[in-house]
Amino acid sequence: MFGLQWQQSIPIFKVLSLTVGIQVVLSSSGSIFQAANRTDLLFFTGVLHSIFMVSGICFGIFYMKDMIYVCYGLLMAFILGFLNIFIVLVKIALKSSFAIFMKLFIKPVFFAILLAVILCFNSNLIIENIFYSLIEKFAISCLVLSLCWISYPSNRILLITRFRKIGSK
């Protein structure tokens with residue numbers, strides 16, 4: 001669709017796409033630090049996160065000398081930054097259990113990995129029409145995300161309640 005010159009960028013975008021979920025979760029951390037009146041911790045974790053990011057980029061540029069390793073360095077920097085920021089936020093600023101916090105991520109991470117594996121195997125299928133390929137990947141993603149949503153008991157109760165309401169009309 002975009003031409004052969006874009007083929008080399010596909011592995012880079014695949015690795016960078018792994019950072020999106022982490023970035024989404026990280027985006028709210030600054031507001032939480034501010035709401036907890038702990039901007040000192042926000043500054044500390046921000047400096048440490050910046051060191052991780054610069055180190056990850058330098059790892060790829062100067063040590064490995066390859067763009068894909070810059071992406072891997074960024075991925076590792078985001079993971080370390082996530083742990084750094086949320087350990088400090090949850091344990092120190094909010095005075096809560098980090099283990100309980102991390103348990104919240106078990107199901108979403110499991111379903112994200114499941115979706116990635118399914119789409120990875122699905123990418124071996126050759127569908128000539130790009131529109132059909134998009135519809136197929138969208139349908140698979142919706143199915144896996146629906147399974148994720150239904151896996152929470154409160155969502156199942158909500159769904160059953162809605163179906164009963166519809167059935168009684």
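**Exercises on helix 7, tyrosine 152 and the nonpolar cores**

What covers the buried residues of helix 7 includes helix 8 (130–150). The model examined here is predicted.

**Exercise 1.** Determine which residues of helix 7 are buried and how they are arranged around the axis.

*Solution.* Begin with the length: helix 7 comprises the 17 residues 106–122, which at 1.5 Å a residue should span 24 Å, and its end C-alpha atoms are 24 Å apart, in agreement. Next, identify the buried residues of helix 7: Phe111, Leu115 and Asn122. These cover an arc of only 40° around the axis, and therefore lie on the same side of helix 7. Finally, the face turned away from that buried side carries the exposed residues Ile106, Ile113 and Phe121.

**Exercise 2.** Locate tyrosine 152 and classify its exposure.

*Solution.* Tyrosine 152 is placed in the loop between helix 8 and helix 9 (153–167). Its relative accessibility is 28%; buried requires under 20% and exposed over 50%, so tyrosine 152 counts as partly exposed. Beyond its neighbours within four places in sequence, tyrosine 152 contacts Leu104, Lys107 and Pro108. Lysine 107 is 45 residues away along the chain, yet the C-alpha atoms of the two residues are separated by 8.9 Å.

**Exercise 3.** Describe the largest nonpolar core and state which helix gives the most to it.

*Solution.* The largest nonpolar core has 19 residues; Phe82, Phe86 and Phe101 are among those with the most contacts inside it. Two or more residues come from each of helix 2 (20–26), helix 4 (39–64), helix 5 (67–93) and helix 6 (98–103). Helix 5 gives the most, with twelve residues. A second, separate core of five residues includes Leu115, Ile140, Val144 and Cys148.

Note on methods:
Residues numbered from 1 in each chain as written. Predicted model: local features only at pLDDT ≥ 70, side-chain atom pairs only at ≥ 80, totals over all residues. Heavy atoms only, no water. Helix = DSSP H or I, 4+ residues; strand = E, 2+ residues; numbered from the N terminus. Expected span 1.5 Å × (residues − 1). Buried < 20%, exposed > 50% of the residue type's maximum accessible area, 1.4 Å probe, protein only. Arc of directions from axis to C-beta. Contact = heavy atoms within 4.5 Å. Core = buried A, V, L, I, M, F, W, Y, C linked by side-chain atoms within 4.5 Å.
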